[in-house]
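Consider how a bound molecule and the empty spaces of a protein may be read together. The account below proceeds from the ligand outwards.

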Amino acid sequence: MTALTVHHLAHSRSQRVLWLLEELDADYRIQCYERDPATGRAPAALRAVHPLGRSPVITDGERVVAESGAIIEYLLDGHDPDHRFRPAPGTEAFLDYRYWLHYAEGSAMPPLLLSLVFDRLGGPAAPWLMRPLLRRIAAGVQSAFVGPEVRAHLDYLEDVLQRRTWFAGEAFTAADIQMSFPVEAAVARGLAGPERPRLNAFVERIRGRAAYQRARERGGPYDLAAL
Ligand SMILES: N[C@@H](CCC(=O)N[C@@H](CS)C(=O)NCC(=O)O)C(=O)O
């Protein structure tokens, strides 16, 4: 019987954990959680697993591991002795791998999340009288700050992928799995169109991997445009 459980929220970052587990050919089970249809938030049940109630979170017996990057490292520690998905420490590729593992959540996601929040400001959740004002404020913040930030990151990523096949070099690593979420989210939300062919080609490449496809089948709905 497998002890490893992925607490998987629909349409979320935890899809990456399923994908890595499929790449590793590891044994695991999935506990699924649905988002609140009105707010998009995770259900309270996830807070019983970890106080922040976010996904991904995994349980391995009594142990609880949260935060995508930490989960990826934990799984590689236990399942990747031959460095198939994490370059050996001390190599240049390892430095790149570690950079992108942190960059995805530390630098790429904050502006993408802000863009989502300001896109929604003044939407149906707001009192209708306030909507025009809120929309004006949101448009101002988007054009003065969030939009340029998002574009700077996407330009940077496009440039990096012009010079290498995968984020840590010519070999696919778990850093590509970690980077898949910001890149797929940007493409799905129309922020990275045909003017960014390398980002779109990256998405095509990852979707061609058998393990990615198995993870999608097991994980269920994954529509990042709706978020
Ligand atoms: N930096 C964290 C972010 C976790 C996170 O915010 N996950 C989202 C799903 S993509 C979530 O659980 N959202 C539900 C909510 O905010 O209620 C990680 O990478 O694990």
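The paragraphs that follow treat the ligand, the pocket, the cavity and two backbone features in turn.

The structure is a predicted model, and every value given here is computed from its atoms. A natural starting point is the ligand. The shell around the ligand contains 13 residues, and those that come nearest are R41, R54, S55, E67 and S68. By class, this shell divides into 7 charged, 3 polar and 3 nonpolar residues.

Three of these nearest residues can be described at the level of individual atoms. In R54, an N or O atom of the side chain is 2.8 Å from an oxygen atom of the ligand. S55 takes part through its backbone: a polar backbone atom of S55 is 2.8 Å from a nitrogen atom of the ligand. In E67, a polar side-chain atom lies 2.6 Å from a nitrogen atom of the ligand. The ligand on its own has 510 Å² of accessible area, and the protein covers 87% of this area.

Which space does the ligand take? The ligand occupies the largest pocket. The volume of this pocket is about 1,100 Å³. Its lining consists of 36 residues, and R13, R35, R41, R54 and L113 are the ones that lie nearest the centre of the pocket. Two elements, α3 and α5 (174-188), each give two or more residues to this lining. The largest share, 8 residues, is that of α3. The lining of the largest pocket has 20 nonpolar, 7 polar and 9 charged residues, while the shell around the ligand has 3 nonpolar, 3 polar and 7 charged residues. R41 and R54 are named in both descriptions: they are among the residues that come nearest the ligand, and they are also among those nearest the centre of the pocket.

The discussion now turns from the pocket to enclosed space. The structure holds 1 cavity of 30 Å³ or more. About 50 Å³ of space lies in the largest cavity. Its lining is made up of Y103, A108, P111, L112, V150, H153, L154, L157 and P182. The elements that give two or more residues to this lining are α3 (92-120) and α4 (131-163). Helix α3 thus appears in the lining of the cavity as well as in that of the largest pocket. What classes of residue line the largest cavity? The lining has 8 nonpolar residues, 1 polar residue and no charged residues.

Two features of the backbone complete the picture. S55, whose backbone was described above beside the ligand, is joined to P56 by a cis peptide bond, with omega at about 15°. P56 is found in the loop between β2 (29-33) and β3 (57-60). The other feature concerns D25, a residue other than glycine that has a positive phi, near 55°. D25 is found in the loop between α1 (14-23) and β2.

Methods
Residues are numbered from 1 along each chain as its sequence is written. This is a predicted model: local features need pLDDT of at least 70, side-chain atom pairs count only at pLDDT 80 or more; totals for chains, interfaces and linings use all residues. Side-chain values use heavy atoms; hydrogens and water are left out. A residue is near a molecule or strand if one of its heavy atoms lies within 4 Å of it. A polar contact is a pair of N or O atoms within 3.5 Å; within protein, one must be able to donate a hydrogen and the other to accept it, and residues adjacent in sequence count only if both atoms are side-chain atoms. Accessible areas come from the Shrake-Rupley method with a 1.4 Å probe; for residues, only the protein chains shown count as cover. On a 1 Å grid over the protein atoms alone, a cavity is a set of points where a 1.4 Å probe fits but cannot get out, and a pocket is an open set with protein on both sides within 12 Å along at least five of seven lines; lining residues have an atom within 4 Å of a point. A molecule sits in a cavity or pocket if more than half of its atoms lie within 2 Å of its grid points. Ala, Val, Leu, Ile, Met, Phe, Trp, Tyr, Cys and Pro count as nonpolar, Asp, Glu, Lys and Arg as charged, and the others, Gly among them, as polar. Grid points are joined across faces, edges and corners, and a volume is the space filled by probe spheres set on the points. Helices (H or I, at least four residues) and strands (E, at least two) are DSSP runs, numbered from the N terminus.
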